[in-house]
Amino acid sequence: MTAHAPHEPTLGVLYDLLGVERDAPLADAVHASRALRGGFANIVLSAAETEGIPLTPGHAEELHRARRRAAGYRRLGGELSAMRGVTVHKGPSLARHYPEGWLRPSGDLDVVAEDEDTLWQVIGNVARRFPVEDPMLSLLQHGDERHLYVSVGWPAADPQFTPNFRVEVTTFAYGGEPGVVPMRPAQPADQWLADLLAITEERFQREFDPKDLLDLTCALNSPTAPAPGLVAAAAEAYLLAPELLELCELAQRHAALAGGLPRQLTELLRPAAQTESARRADGPGLPHVEDELGARRAAGLPLYGMQLAERLRLGDLRPAVEHHVDADVLLRTPIADFLLVPSELVDPERYEAARNELATLAPWPASTADTD
């Protein structure tokens with residue numbers, strides 16, 4: 001066994017998180033990890049490799065593909081981060097906190113752009129380099145400001161074994177939960193805090209899982225970790241104290257992780273979490289609106305983009321334009337045209353009417369960028 005720094009996770013800690021006996025074969029831990037999101041099996045395999053445990057040829061090839069995928073995201077993230085007004089959070093920067101040799105897989109690359117112009121510059125950068133497809137778009141109103149979420153993917157070199165690559169770009173840092181926590185467009189200047197809050201924010205979409213616990217533990221034991229007081233203050237300022245407290249308390253239930261959590265942090269989070277929970281309880285809650293788009297938008301509820309053409313384009317990278325027709329809105333963007341809808345289910349006649357309207361409009365302006 002290799003030597004480890006105090007509180008640094010080990011393969012045994014991963015066994016504990018998976019509910020697998022520490023003397024069980026590696027195959028048992030890998031099998032248990034398959035049920036988790038986020039490529040947790042590759043964390044287990046990389047930890048085993050680091051501790052000198054032989055991998056089967058199949059597991060070694062799986063880990064090799066995962067490392068190659070992570071390296072691709074790391075390179076792309078570094079290039080996008082060099083763009084003005086662009087921040088890449090979570091994946092590549094969180095991976096730096098993991099023990100040496102461990103792989104933290106990422107399903108996608110999360111990018112925050114300072115404004116919509118920058119968002120389309122990022123999407124254009126990616127689209128010029130990769131055969132992007134499967135666009136996803138959401139529009140969220142925050143006061144007088146329009147914000148966008150845009151995501152594009154492209155096939156991996158070995159699509160039979162590796163999921164598509166995907167880049168998700170937003171003009172906001174933390175979307176919140178309608179009726180509970182408002183959008184917070186800006187993120188902390190400190191990358192460590194921005195990443196931790198991004199992990200915590202995901203509680204609005206799903207339950208916390210072992211990968212979140214591992215992210216928290218590795219981040220808190222990083223030399224770059226801020227003092228507990230600064231961490232608690234950021235969680236309070238960004239209205240995430242209840243979620244971060246929940247994550248910390250989940251980690252404390254695991255003896256192997258509890259020693260790496262600053263006790264002061266949970267003590268500071270409890271009153272902030274109580275105050276925030278009370279604020280939410282006294283708040284107006286989720287407003288009742290009909291499916292009429294303007295009402296949903298005014299209430300801060302997301303509108304989703306239904307793509308109106310099968311093929312993507314790469315046009316001039318200017319902000320999206322809203323085209324109103326009757327009660328519907330067509331959102332025209334540099335990569336595609338979308339019908340804004342409140343849910344996945346749309347009347348086929350409404351969809352066809354939007355396509356017919358689109359056919360009457362002038363084409364999106366061609367790209368003026370130098371693509372040589």
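Which residues of strand 5 are buried on one side, and which on the other? Hold that thought while we walk through this predicted model; point 2 has the answer.

1. **The whole chain.** Start with the overall picture. The protein chain has 14 helices and nine strands. Its radius of gyration is 22 Å, close to the 21 Å that the globule rule gives for 372 residues, so the chain is as compact as a globular protein of that length. Along the principal axes, the C-alpha atoms fill a box of roughly 70 × 55 × 40 Å. Half-and-half is a fair way to think of burial here: 50% of the 372 residues count as buried. If you take contacts between residues at least 6 apart in sequence, 66% of them join residues at least 24 apart.

2. **Strand 5, inside.** Now back to the opening question. On one side of strand 5 the buried residues are Phe165, Val167 and Val169, and on the other they are Arg166, Glu168 and Thr170, so to speak a strand with both faces covered. The strand runs over residues 165-170, and because six of its six residues are buried, it is largely enclosed by the rest of the structure. As background, side chains in a regular strand alternate between the two faces of the sheet.

3. **Strand 5 and its partners.** Look next at the pairing. Strand 2 (residues 109-113) pairs with strand 5 in the parallel sense, over four bridges. Strand 4 (residues 145-154) pairs with strand 5 too, but in the antiparallel sense and over six bridges. Glu168 is a handy residue to click on: Asp110 stands opposite Glu168, and Glu168 is also the bridge partner of Ser151.

4. **Two crossing helices.** Helix 8 (residues 210-220) and helix 10 (residues 241-252) have axes that come within 10 Å and cross at roughly 95°. An angle from 65 to 115 degrees counts as roughly perpendicular, and therefore that is how helix 8 and helix 10 are described relative to each other. Helix 8 brings Asp212, Leu213 and Leu216 to the contact, while helix 10 brings Leu244, Leu247, Cys248, Leu250 and Ala251. By class, that makes seven nonpolar residues, one charged and no polar ones.

5. **A loop residue, Ala327.** Finally, have a look at Ala327, in the loop between strand 7 (321-325) and strand 8 (328-332). Is Ala327 buried or exposed? Its relative accessibility is 58%, and because exposed means over 50%, Ala327 counts as exposed. For a sense of distance, the C-alpha atoms of Ala327 and Leu36 are separated by 42 Å, and the two residues are 291 residues apart along the chain.

Technical notes
Residues numbered from 1 in each chain as written. Predicted model: local features only at pLDDT ≥ 70, side-chain atom pairs only at ≥ 80, totals over all residues. Heavy atoms only, no water. Buried < 20%, exposed > 50% of the residue type's maximum accessible area, 1.4 Å probe, protein only. Axes fitted to C-alpha atoms, helices over the stretch in contact; angles between N-to-C directions. Parallel < 35°, antiparallel > 145°, perpendicular 65-115°, else oblique. Contact = heavy atoms within 4.5 Å. Nonpolar A, V, L, I, M, F, W, Y, C, P; charged D, E, K, R; others polar. Pairing = 2+ DSSP bridges. Rg over C-alpha atoms; globule rule 2.2 N^0.38 Å.
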